[in-house]
Amino acid sequence: MKDSSQVVEASKVDLVFQTADGPVHALSGIDLDINKGDFISLIGPSGCGKTTLLRLIADLEKPTGGILRVNGMLPEEARLNRDYGYVFQSPALYPWRTVVGNLKLPLEIMGVEKADQDERTREALEMVDLTGFEKKFPWQLSGGMQQRVSIARALTFNPDLLLMDEPFGALDEIVRDQLNEHFHRLWEQTHKTVLFVTHSIPEAAYLSTKIVVMSPRPGKINEIIESTLPEKRTLDIRETQEFLELSQRIRKGLRAGKSYD
Amino acid sequence: MNRLLNSTPIAVLALLVFIIFIWYGAAIYLNSGVLIDKYERQKTEWSFQLLVSDSWSMGRPVLPAPHQIFEDLKKSLFDQKITSKRSLVYHGGITISSTLVGFLMGSVLGILLAIGIVHLPTLNKSVLPWIIASQTIPILAIAPMIIVVLGAIGLTGLLPKAFISAYLCFFPIVIGMVKGLRSPDPMHLDLMKTYNATQSQIFRKLRWPASTPFLFASFKVSIAISLVGAIVGELPAGARAGLGARLLTGSYYGQTVQIWSALIVASVIAATLVFLMSYMEKIVQKRMGALI
């Protein structure tokens, strides 16, 4: 076993999909180390394999080459161990369950005791600021609220690693800003390791400690940018020179990967 | 005015009036041949008026007029003791009970088969073609055999008829439920995978609730088919009770009015059963958070 603070280690990870039109190289030679407490954003144009990389780490796909470890284990072992919480692109709430019912879903499956379930759902709802909405069904909530429920659902069983696939991608900019600020505060309090897929440069710059810039055909990592921003951030930081420079570097990285061609 | 016309009871009533109007006309048209023959044989003078009134009041008409059926219905539903062999309540009750028992058996069989097909790839490949083939056998042809064979091993009365109902009604349930149990969104299934959920947890917490709309759609088709199965099961000689037996004796003795009243009772039963199913569906959907 290597350093215990290594949450994800990837070296030369490859993924080739066999399709009717021949093999498609979805990911090629991915080298990535993620430390405990990191907030990593994966940014890049559509088709660069951001989501696929996330799904590999979650063991929803299997790599065709290279070595991938999650918490020092194979991704499958980590999944069976319930080491991570996954937040999908859409809220993926079960429409026949209330907010509380949806939050309890992972707890029921993991066999958490009833009294404990109530306590944990209450805490998770508090974290995403949705106390009072327990009895509502998903369709009664706005898109932003639904996505908050889906984040709370990933928090109920308190995993140390959060895998988030463009969780705010479908929301309008105002709600998105709100959730970004909220989620940053949440990360500050819990210091969970987060792997966050996004299309948005300001979102990546604002939230992350490290930004992984990817490029398509085949999907690969172009550059890993360390954030120079202080850990404590409010939305106002986006007006500072430092933030603009960081955004510039990300955009440059994307351009170098021919993402704008 | 438009709202009035769009309301369901008014629409149904309007259609009913229209059908009855056509029916009276058809009764004149279909019965006139027999009547005109009779007039000519007896060399009676006849007018159109006489033809109309006679064609609506024949003893054994080709097509009885609505009011004749209505009178027969009234007589056989309300003017008899319900245990009497002349009571349609008695016959209807017998048909309903084998319909419901058959529906229950067919539903259980259909749901179990669907669960098997969705979870076991071998069953998916091996059983589905047989299920489809089973439905190409004309039930009218084998119903008497089923009754006779089961009679030979000592099964008589309600059960053989219920088997025929079950045989007919499991099919839509299998097809609907296979689709329903496979209906969950891939993302919902992935979510379960990230939780390391077992197959049975995925079934109970995702596949089953996701399939309820399909379940009720299948139930509504099946319960009506189940009634048809029960009636068909009563047709072969030997069944002395039930709506099917009423239809059979009616056609033996040319009692067209009796046939029509039995048919109307059967359709009222079918409509009621389907309506009850829709009602149950609404209750379940409401509990599952649907906006109705």
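**Reading two chains with definitions**

Student: What share of the 292 residues of chain B counts as buried?

Tutor: In this predicted model, 40% of the 292 residues of chain B count as buried, where a residue earns that word if its relative accessible area is under 20%. For chain A, buried residues make up 55% of its 261 residues.

Student: How do you know whether chain B is a compact globule or more spread out?

Tutor: Chain B has 12 helices and zero strands, and the globule rule gives 19 Å for its 292 residues. The radius of gyration of chain B is 25 Å, which is well over that value, so chain B is more spread out than a compact globule. Along its principal axes, the C-alpha trace of chain B spans about 90 × 60 × 35 Å.

Student: What makes chain A as compact as a globular protein of its length?

Tutor: Chain A is built with eight helices and nine strands. Its radius of gyration is 18 Å, close to the 18 Å that the globule rule gives for 261 residues, and therefore chain A is as compact as a globular protein of that length. The C-alpha trace of chain A spans about 50 × 45 × 40 Å along its principal axes.

Student: Why is Thr121(A) called buried?

Tutor: Thr121(A) sits in helix H4, residues 114-127 of chain A. Its relative accessibility is 4%, and since the limit for buried is under 20%, Thr121(A) counts as buried. Beyond its neighbours within four places in sequence, Thr121(A) is in contact with Val100(A), Leu103(A), Lys104(A), Leu107(A) and Thr156(A).

Student: Is Gly143(A) buried, exposed or partly exposed, and what value decides this?

Tutor: Gly143(A) belongs to helix H5, residues 143-155 of chain A. Its relative accessible area is 40%, and a residue is buried under 20%, exposed over 50% and partly exposed in between, so Gly143(A) is partly exposed.

Student: Which residues touch the most other members of the largest nonpolar core in chain A?

Tutor: Ile30(A), Leu163(A) and Met214(A) do, in a core of 48 residues. Not counting residues up to four places away in sequence, Ile30(A) touches nine residues listed by their contacts, including Val13(A), Leu53(A), Met214(A) and Ile221(A). A second, separate core holds 42 residues, among them Leu141(A), Ile201(A), Ile211(A) and Ile225(A).

Student: What is notable about the phi of Ala92(A)?

Tutor: Phi of Ala92(A) is near 55°, a positive value in a residue other than glycine. Most residues other than glycine have a negative phi. Ala92(A) lies in the loop between strand E5 (84-87) and helix H3 (99-109) of chain A, and with a relative accessible area of 7% set against the limit of under 20%, Ala92(A) is buried. Asn158(A), in the loop between H5 and strand E6 (161-165), also has a positive phi near 55°.

Student: What kind of peptide bond joins Arg217(A) and Pro218(A)?

Tutor: The bond is cis, with omega about -10°. Most peptide bonds are trans. Pro218(A) is placed in the loop between strand E8 (210-215) and strand E9 (220-226) of chain A.

Conventions
Residues are numbered from 1 along each chain as its sequence is written. Chains are lettered from A and ligands numbered from 1 in the order in which they are written. This is a predicted model: local features need pLDDT of at least 70, side-chain atom pairs count only at pLDDT 80 or more; totals for chains, interfaces and linings use all residues. Side-chain values use heavy atoms; hydrogens and water are left out. Helices (H or I, at least four residues) and strands (E, at least two) are DSSP runs, numbered from the N terminus. The radius of gyration is taken over C-alpha atoms; the globule rule is 2.2 Å times the number of residues to the power 0.38. Buried means under 20% relative accessible area, exposed over 50%, partly exposed in between (1.4 Å probe, protein chains only). Contact means heavy atoms within 4.5 Å. A nonpolar core is a set of buried Ala, Val, Leu, Ile, Met, Phe, Trp, Tyr and Cys residues joined through side-chain atoms within 4.5 Å.
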